[in-house]
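Student: Could you take me through one part of this model in detail? I'd like to start at the ligand site and then see what else stands out along the chain.

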Amino acid sequence: MTTIFNFSAGPAVLPKEVLRQAAAEMLDWHGSGMSVMEMSHRGAEFTSIIQAAQQDLRDLLAVPANYKILFMQGGALAENAIVPMNLAGLKPQPATADYINTGSWSVKSIKEAKKYCNVNVAASSEAEKFAAIPPRASWQLSKDAAYIHICTNETIDGIEYQFVPDVAIDTNGAPLVADMSSHILSRVIDVSQYGVIYGGAQKNIGPAGLTIVIVRDDLLGHALPCCPSAFDWKIVADNDSMFNTPPTYAIYIAGLVFQWLKRQGGVAAIEQKNIAKAELLYGYLDATDFYETRIAKDCRSRMNIPFFLKNEALNADFLTAAKAWGLLQLKGHKSVGGMRASIYNAMPIEGVQALVSFMQEFASSHA
Ligand SMILES: *Cc1c(COP(=O)(O)O)cnc(C)c1O
């Protein structure tokens, strides 16, 4: 079989080592006689799995002691509602939340938040087709915002923050909330600069069905009365993510990915690999006349790289030929068009090398 490289934006590639281990443990986890899927979430076996997963994530991101790690469900889109339901109560009602609009996922977050609070879009790059992040100096933040929301990696548009915005200077210490779904664990972050970090697991962590939330202690306990108990961060935290049945198998696989990441040398080490992978692909895109990328250089995503063939009539041929080379799921999101290569942690550099070789070959045979 040809080596396959999977460039899906999500659900996405997982480390082969992890999949092999999961396969080996499928029918009998550690001599328990059970598959992880068959275990009570309150039993000793699963308790050890979830506790290890939580501790490994805490270690990998150096999460400070005054933050809780929650394992939730509903994906990042549900969290778009869960965030205002938990934070709007920090202020008298109706509260205002500030949103920075940098792409398709920000647009969805804004739409959802409007159901629970007033939304001030403090800056937007929509008029520029999301080709850049509005400069921090242009943000019109509210004086009394309950929180400020950003999407630090726009999976569809290929935009990534290369800085942490300082929002404290313009607000009375409103917490910064970040949707990190598609680049969490791909680079070193300073968790203490955020009030809340959240993300769906299926991009860079594990299977769909698990949502990670990292929340500062003082932001718990402010949920609006309309907030479902299962989505109230304080209730989830007080119950160690076991208020209701958590997505046990997804947590188990995420835990294996965390252990794999530790074996790779942790987040700082994988970040260097991610930089090398992104430089390889952008380097080629900048050098060729056959393809182009349209994102400003200072905010290009290292994880999701949209690119275009200058002759778009060749798109279908490109995808068919790529598939024959073992390069899968390169079609761009329908709202952007063109191609997109998602090169998450689990994508080895060999996958990006294969992609660039194929792109060179395709360009020279269609020049
Ligand atoms: C994929 C994605 C989402 C949506 O996640 P779901 O799990 O489908 O709800 C939200 N935000 C970002 C940045 C994403 O990449």
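Student: Which helix supplies the largest share of the shell around the ligand, and how many residues does that come to?

Tutor: Keep in mind that this is a predicted model. The helix you're after is H3, residues 75-87, which gives three residues to the shell, the largest share. The full set around the ligand is Gly-75, Ala-76, Leu-77, Trp-105, Cys-151, Asn-153, Thr-155, Asp-179, Ser-181, Ser-182, Gln-202 and Lys-203. By character, that shell splits into six polar, four nonpolar and two charged residues.

Now for the polar atoms facing the ligand. Ala-76 has a polar backbone atom 3.1 Å from a ligand oxygen. Leu-77 also brings its backbone to bear, with an N or O atom 2.8 Å from an oxygen of the ligand. Lys-203 works through its side chain instead, where a polar atom sits 2.6 Å from a ligand oxygen. As for cover, the ligand on its own has 380 Å² of accessible area, and the protein hides 87% of that.

Let's move on to charged pairs. Side chains of opposite charge can pair when their charged atoms come close. This structure holds 13 salt bridges, and a few deserve a closer look. Take Asp-217 and Lys-68, whose closest N and O atoms are 2.9 Å apart. That bridge ties together distant parts of the chain, 149 residues apart: Lys-68 belongs to strand S2 (residues 67-72), while Asp-217 is in the loop between strand S10 (211-216) and helix H5 (233-238). Both ends are partly exposed, with Asp-217 at a relative accessible area of 29% and Lys-68 at 31%.

Then there's the bridge between Glu-112 and Lys-115, with an N to O distance of 3.7 Å. Lys-115 is classed as exposed because its relative accessibility is 59%, whereas Glu-112, at 22%, is partly exposed.

Back by strand S10, Arg-216 and Asp-218 form a salt bridge of 2.7 Å, N to O. Asp-218 is partly exposed at 42% relative accessibility. Why does Arg-216 land in the buried class? Its relative accessibility is 19%, and the class takes anything under 20%, so Arg-216 counts as buried. There's also a network of bridges with shared partners, made up of Asp-56, Asp-59 and Lys-262.

Arg-187 is another arginine to look at. You'll find Arg-187 in the loop between strand S8 (176-179) and strand S9 (196-200). Its relative accessible area is 12%, so Arg-187 is buried. Its side chain makes a polar contact of 2.9 Å with the side chain of Glu-160.

For a nonpolar counterpart, look at the surface patch formed by Met-26, Leu-27 and Met-37, which together have about 320 Å² of accessible area. Met-26 belongs to the loop between helix H1 (16-24) and helix H2 (44-61), and counts as partly exposed at 30% relative accessibility.

Last, the backbone. Most residues other than glycine have a negative phi, and most peptide bonds are trans. Here are some exceptions. The bond from Gly-10 to Pro-11 is cis, with omega near -10°, and Pro-11 is part of the loop between strand S1 (5-6) and H1. Another cis bond runs from Gln-93 to Pro-94, where omega is near -5°. That proline, Pro-94, is in the loop between H3 and strand S3 (96-101), and H3 is the helix your question was about.

On the phi side, Ser-241 isn't a glycine, yet its phi is positive at about 60°. Ser-241 is placed in the loop between H5 and helix H6 (248-263), and is buried because its relative accessible area is 4%. Gln-329 also has a positive phi, near 60°, and lies in the loop between strand S13 (327-328) and strand S14 (339-342).

Terms used. Residues numbered from 1 in each chain as written. Predicted model: local features only at pLDDT ≥ 70, side-chain atom pairs only at ≥ 80, totals over all residues. Heavy atoms only, no water. Near = heavy atom within 4 Å. Polar contact = N/O pair within 3.5 Å; in protein donor to acceptor, adjacent residues only side chain to side chain. Areas by Shrake-Rupley, 256 points an atom, 1.4 Å probe, with all protein chains shown as cover. Helix = DSSP H or I, 4+ residues; strand = E, 2+ residues; numbered from the N terminus. Nonpolar A, V, L, I, M, F, W, Y, C, P; charged D, E, K, R; others polar. Patch = residues over 30% accessible without salt bridge, like charges linked within 9 Å, V, L, I, M, F, W, Y side chains within 5 Å. Salt bridge = Lys/Arg side-chain N within 4 Å of Asp/Glu carboxyl O. Buried < 20%, exposed > 50% of the residue type's maximum accessible area, 1.4 Å probe, protein only.
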